[in-house]
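Here are some friendly exercises to work through with the model open beside you. Try each task before you read its solution.

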Number of protein chains: 2
Amino acid sequence: MLNFDFYSPARILFGKDMEKQIGALLKPHASKVLLHYGGGSIKKSGLYNTVTTSLKENGLSYVELGGVVPNPRLSLVHEGIALCKEEKVDLILAVGGGSAIDSAKAIAMGVYYDGDVWEIYEQGKAIEKALPVATILTIPAAGSEASGDSVITNEEKQLKYGYGSPHLRPLLSVMNPELFYTLPKNQIANGVADMMSHVFERYFTNTTHTDLTDGLCETVLKTIIKNAPLVLENPGDYDAWCEVGFGGTVAHNGLVGMGREQDWACHGMEHELSAIYDVAHGAGLAVLTPAWMQYVYKDNVNMFVQFAVNVMGVKGSYRDPDAMIQEAILRLREFFNKMGLPATLGELGIDASQLEVMAKKATGAAFGNEAPIGGLKKLYWQDVLEIYKLAQ
Amino acid sequence: MLNFDFYSPARILFGKDMEKQIGALLKPHASKVLLHYGGGSIKKSGLYNTVTTSLKENGLSYVELGGVVPNPRLSLVHEGIALCKEEKVDLILAVGGGSAIDSAKAIAMGVYYDGDVWEIYEQGKAIEKALPVATILTIPAAGSEASGDSVITNEEKQLKYGYGSPHLRPLLSVMNPELFYTLPKNQIANGVADMMSHVFERYFTNTTHTDLTDGLCETVLKTIIKNAPLVLENPGDYDAWCEVGFGGTVAHNGLVGMGREQDWACHGMEHELSAIYDVAHGAGLAVLTPAWMQYVYKDNVNMFVQFAVNVMGVKGSYRDPDAMIQEAILRLREFFNKMGLPATLGELGIDASQLEVMAKKATGAAFGNEAPIGGLKKLYWQDVLEIYKLAQ
């Protein structure tokens with residue numbers, strides 16, 4: 001186990017009717033709130049009404065900024081920063097999925113940053129301060145409700161960068177699984193692929209003596225693999241949603257990766273797809289992850305045998321580990337397929353024309369400062385290109 | 001899964017040499033520190049020197065109060081409160097195990113309480129405020145380094161009460177497994193029994209649809225059961241200590257019990273042993289837990305079969321669940337025995353004379369306001385007495 005620093009202060013208020021308490025929950029921390037959300041779905045569902053009523057009942061004033069889209073845009077972040085400054089907002093409430101929350105975090109730190117907030121993402125600048133962010137989650141996927149991470153797309157530059165800081169950990173997050181009942185099936189599936197990837201990125205490691213976090217990772221993965229098909233089949237299955245929803249939080253609040261060298265190559269490779277083709281993050285991950293496994297597993301066969309046995313339930317001859325691993329990758333593909341997720345770049349509408357460009361961007365080679373990505377196996381742009389090709 | 005409120009903000013700084021950073025870690029939060037510890041062991045080990053040097057180097061002044069004993073005493077808490085007020089202390093640093101930390105938490109809230117801090121424990125009063133507490137853990141056991149709980153013994157009244165509040169969650173806790181190398185074997189064993197009990201109290205539940213937290217509980221238990229004998233055998237086994245140490249934190253930071261009705265009967269029954277006989281908490285738990293299992297399992301056979309299979313690795317005929325459960329309880333007893341823990345009240349020096357008195361105190365019957373304890377099975381004083389008798 002490696003040394004680590006674990007800090008996950010976001011308070012999680014979980015269960016039925018929790019969103020009705022939002023005003024009371026925020027009252028000790030705010031006087032003027034920026035309500036930040038996506039399209040009109042929260043208005044249709046009545047959630048917008050519930051939230052604004054609760055804010056008003058608790059004497060909180062608010063301004064609002066809707067219009068967050070998947071792969072949230074820098075331009076809207078700029079708008080939010082200006083609005084918060086102008087209106088003297090002291091807390092941002094994101095109502096939505098990872099995109100609304102990530103956008104809120106960008107605004108929250110942008111308010112205190114003297115310059116274009118994009119510089120923080122581009123240069124990995126340390127920040128000292130951000131407005132507090134609270135969330136009401138409507139799409140379990142990104143884990144952003146407890147994480148200190150934010151991913152923003154610079155649509156002009158076709159760049160999608162992530163940034164993390166303890167200052168970006170939400171103050172509190174409300175999760176009522178009933179709010180997930182109306183999600184379209186493809187959003188459910190994309191979310192599941194994303195949260196599984198958050199575990200995979202931490203699970204696949206060369207670090208040894210990691211019994212506890214191995215088991216935590218495996219538990220989260222098995223819980224999601226068992227319950228995700230249930231919610232896809234019946235989006236009103238409260239019990240199954242509880243498992244998937246809280247699983248998505250635990251997948252990305254930091255705990256399951258403590259003391260382990262982490263990987264994050266699949267996320268890095270996927271960001272390039274989203275940046276150019278604007279594909280759904282989870283769909284991109286579902287396509288890339290099995291290809292990545294196929295390309296890297298020989299570098300740590302034991303790790304992948306453990307995955308095969310403990311997560312995918314493969315029984316076989318340990319004298320033929322390759323066969324066990326192939327079976328595990330096949331089962332993962334079958335699971336993604338059952339969830340209705342794409343299996344190839346072609347299904348995402350991505351042809352061969354930009355593969356090399358994306359591979360070079362993923363490792364920084366495109367900008368003349370290549371640094372290999374990935375923990376389990378270091379990947380240079382040529383490796384990334386091979387993985388893209390395997391995913392075609 | 002039940003609704004829940006998860007809040008575990010304690011920052012955990014884990015690994016080699018972390019204690020050397022304590023001054024730098026506390027500097028943003030304090031100017032005058034109360035250094036709170038137990039006997040002289042931290043002076044012998046050099047830890048006292050490391051800590052005070054680091055405080056001084058970072059410009060922090062400190063006063064100190066040693067003398068915390070296992071089952072920490074109210075009288076020392078009173079002394080600490082007076083000292084903090086007099087010296088205008090703004091942060092308490094507990095260096096030690098659960099006793100030092102629990103004592104620090106009592107002082108931390110006592111400073112702001114207008115009256116005897118014991119009233120908070122006795123009457124379960126809500127608190128609004130406490131001094132920040134930081135910890136350097138030298139005994140992994142109580143989980144107090146991340147929890148909001150404190151257990152204090154009123155030696156005059158022979159009462160041992162626990163209290164919990166989010167305000168008591170430590171600001172940060174340092175855990176360097178190397179500091180555990182010099183622990184006596186009985187302290188290691190007691191600590192292991194305590195942390196396992198923290199999971200048991202959450203794991204054994206009648207709440208259904210708890211895949212995720214079931215798995216988290218089972219992972220922590222299996223990790224401890226695997227690694228605890230390794231550290232007992234070789235107290236310098238860093239890797240095994242990492243698993244046991246961080247396992248003890250995860251066992252009690254709240255996560256593994258979220259959304260579940262919890263039990264806590266064994267802790268309640270054990271506190272009565274400690275209050276009168278001053279036995280080590282973990283040793284008392286090791287004696288009572290198998291007896292409790294024997295007494296309650298028929299109320300939820302499926303839960304105990306799951307324990308048998310998923311935690312204790314029992315293979316058997318599911319058509320004879322009693323046999324599987326008996327095998328699981330036997331294996332747990334054997335594990336405690338291998339750890340050198342006692343198996344009977346007699347080994348703890350407890351005879352039959354006070355069993356009824358303790359049973360009536362445990363449920364409140366002694367004070368004329370009986371409320372049954374335990375979540376999986378409600379236990380009245382007659383039940384508790386039966387369990388004490390089974391443990392004789």
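**Exercise 1.** Find the residue that follows H13(B) and has a positive phi.

*Solution.* Step one: go to the end of H13(B), where helices are DSSP runs (H or I, at least four residues) numbered from the N terminus. Step two: read the phi of Gly340(B), which is positive, near 80 degrees. A word on the source: this is a predicted model, in which local features need pLDDT of at least 70, side-chain atom pairs count only at pLDDT 80 or more, and totals for chains, interfaces and linings use all residues. Residues are numbered from 1 along each chain as its sequence is written, chains are lettered from A and ligands numbered from 1 in the order in which they are written, and side-chain values use heavy atoms, leaving out hydrogens and water.

**Exercise 2.** Work out which residues of H13(B) are buried (under 20% relative accessible area, 1.4 Å probe, protein chains only).

*Solution.* Step one: locate the helix at residues 321-338 of chain B. Step two: pick out Met324(B), Ile325(B), Ala328(B), Ile329(B), Leu332(B), Phe335(B) and Phe336(B) as buried. They lie on the same side of H13(B) because they cover an arc of only 135 degrees around the axis (taken from directions from the axis to the C-beta atoms). Step three: turn to the other side, where Asn337(B) and Lys338(B) are exposed (over 50%).

**Exercise 3.** Name the partner of S1(A) in chain B.

*Solution.* Step one: S1(A) pairs with strand S2 (residues 11-14) of chain B in the antiparallel sense, over three bridges; pairing takes at least two DSSP bridges, and strands are E runs of at least two residues. Step two: look for Phe6(A), which stands opposite Ile12(B).

Technical notes. Expected span 1.5 Å × (residues − 1).
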